[in-house]
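Colleague: I would like to go through this model with you, from the overall layout down to single residues. Please give the reasoning with each answer.

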Amino acid sequence: MAPLPDVAEICQEVLTSDSQEDIYFIPALQGMGAPFWDNTMTASFVGMKRTTTTHELLKAVLESIIFQIKAVIDVMEEVAERLINQVMIDGGVSKNRALMSLLATLINKPVIVSEVEEFSAIGTMLVANPTMNEPAIQQTTIVPQAEQAVIRLKYEKWKRFIEKSDAFSEG
């Protein structure tokens with residue numbers, strides 16, 4: 001039996017590759033969540049060709065994660081009528097430094113990544129035991145990178161595909 005591939009390594013490789021394919025993933029596996037809220041939308045790849053590789057599909061899936069995060073941040077800023085200066089990220093995807101770098105560039109804000117993967121568990125622990133001292137937690141700040149600015153153009157195109165998919169799902 002062949003060993004399982006190192007997913008983190010593959011994701012890093014995919015995100016730092018020079019692939020010029022214009023492939024997008026509409027992540028509506030159970031409808032489209034925030035901020036689009038359309039449970040009739042379905043998932044799809046846009047721009048896929050016969051020559052499209054699995055790495056290119058994976059890159060589209062990973063990019064769709066940060067695209068959806070940006071869409072949520074945009075709505076939050078619009079509703080609050082104020083800018084968000086930085087974004088704090090935790091959870092499994094936060095360990096992917098290449099993806100977090102793309103996110104910082106896409107939203108044009110510093111992204112603060114906690115070394116604790118499930119930061120909400122720390123908050124729950126502190127609420128449950130208010131006498132406990134807050135633990136010192138290592139954090140890394142990732143700043144936008146000018147050489148990755150093409151991700152902003154890809155986001156605008158992805159958002160147009162979401163709008164088209166939304167119109168299609170209503171029919």
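**Layout and details**

Modeller: Of the 171 residues in the protein, 35% are buried. The model is a predicted one.

Colleague: In what pattern do the helices and strands follow one another along the sequence?
Modeller: The protein contains five helices and five strands. Its C-alpha trace spans about 60 × 45 × 35 Å along the principal axes. Read along the sequence, the pattern is α-β-β-α-β-α-β-α-β-α.

Colleague: What share of the contacts with a separation of 6 or more comes from residues 24 or more positions apart?
Modeller: Contact here means heavy atoms within 4.5 Å. Among contacts in the protein with a separation of 6 or more, the share from residues 24 or more positions apart is 70%.

Colleague: Over what arc around the axis are the buried residues of α1 spread?
Modeller: Helix α1 covers residues 7-15, and its buried residues are Cys11, Val14 and Leu15. These three lie on the same side of α1, because the arc they cover around the axis is only 90°. In general, an α-helix has 3.6 residues a turn, so residues three or four places apart point the same way. The arc asked for is 90°.

Colleague: Which helices are included in what covers that buried side?
Modeller: The residues to be covered are Cys11, Val14 and Leu15. What covers them includes two helices, α2 (54-80) and α3 (97-107).

Colleague: At the start of α1, which backbone nitrogen does a side-chain oxygen of Asp6 reach?
Modeller: Helix α1 runs over residues 7-15. At its start, the side-chain oxygen of Asp6 comes to within 3.1 Å of a backbone nitrogen, that of Ala8.

Colleague: How do the residues of the contact of α2 with α3 divide into nonpolar, polar and charged?
Modeller: The two axes come within 10 Å and cross at roughly 35°, and the crossing is right-handed. From α2, Leu62, Ile66, Phe67, Ile69, Lys70 and Ile73 take part, and they meet Leu99, Leu102, Leu103, Leu106 and Ile107 of α3. The division is 10 nonpolar, no polar and one charged.

Colleague: Is Ser64 buried or exposed, and which residues does Ser64 touch?
Modeller: Ser64 lies in helix α2. Its relative accessible area is 2%, so Ser64 is buried. Leaving out residues up to four places away in sequence, Ser64 touches Phe25, Pro27 and Trp158.

Colleague: Which backbone oxygen lies 2.5 Å from a polar atom of the side chain of Ser94?
Modeller: Ser94 sits in the loop between β3 and α3, and it counts as buried because its relative accessibility is 0%. Residues up to four places away in sequence aside, Ser94 touches Ile89, Met100 and Val113. The polar atom of its side chain lies 2.5 Å from the backbone oxygen of Gly91.

Colleague: How far is Ser94 from Val116, C-alpha to C-alpha?
Modeller: Along the chain, Ser94 and Val116 are 22 residues apart. In space, their C-alpha atoms are separated by 9.6 Å.

Colleague: How far apart in space are Gly33 and Val72?
Modeller: Gly33 belongs to the loop between β1 (24-26) and β2 (44-46). With a relative accessible area of 23%, Gly33 is partly exposed. In sequence Gly33 and Val72 are 39 residues apart, while C-alpha to C-alpha the distance is 9.8 Å.

Colleague: Is the peptide bond from Ala34 to Pro35 cis or trans?
Modeller: Pro35 is found in the loop between β1 and β2. Most peptide bonds are trans. The bond from Ala34 to Pro35 has omega near -5° and is cis.

Colleague: What is phi of Glu81, and where does Glu81 lie?
Modeller: Most residues other than glycine have a negative phi. Glu81 counts as exposed because its relative accessibility is 72%. Its phi is positive, near 55°, and its place is the loop between α2 and β3 (87-89).

Colleague: Where is Asn108 found, and what is its phi?
Modeller: Asn108 is found in the loop between α3 and β4 (111-114). Its relative accessible area is 52%, so Asn108 is exposed. Although Asn108 is not a glycine, its phi is positive, at about 55°.

Notes:
Residues are numbered from 1 along each chain as its sequence is written. This is a predicted model: local features need pLDDT of at least 70, side-chain atom pairs count only at pLDDT 80 or more; totals for chains, interfaces and linings use all residues. Side-chain values use heavy atoms; hydrogens and water are left out. Buried means under 20% relative accessible area, exposed over 50%, partly exposed in between (1.4 Å probe, protein chains only). Helices (H or I, at least four residues) and strands (E, at least two) are DSSP runs, numbered from the N terminus. The arc is that of the directions from the helix axis to the C-beta atoms. A polar contact is a pair of N or O atoms within 3.5 Å; within protein, one must be able to donate a hydrogen and the other to accept it, and residues adjacent in sequence count only if both atoms are side-chain atoms. Axes are lines fitted to C-alpha atoms, for helices over the stretch in contact, and angles run from 0 to 180 degrees between N-to-C directions. A crossing is left-handed if the near helix is turned anticlockwise from the far one by less than a right angle, and right-handed if clockwise. Ala, Val, Leu, Ile, Met, Phe, Trp, Tyr, Cys and Pro count as nonpolar, Asp, Glu, Lys and Arg as charged, and the others, Gly among them, as polar.
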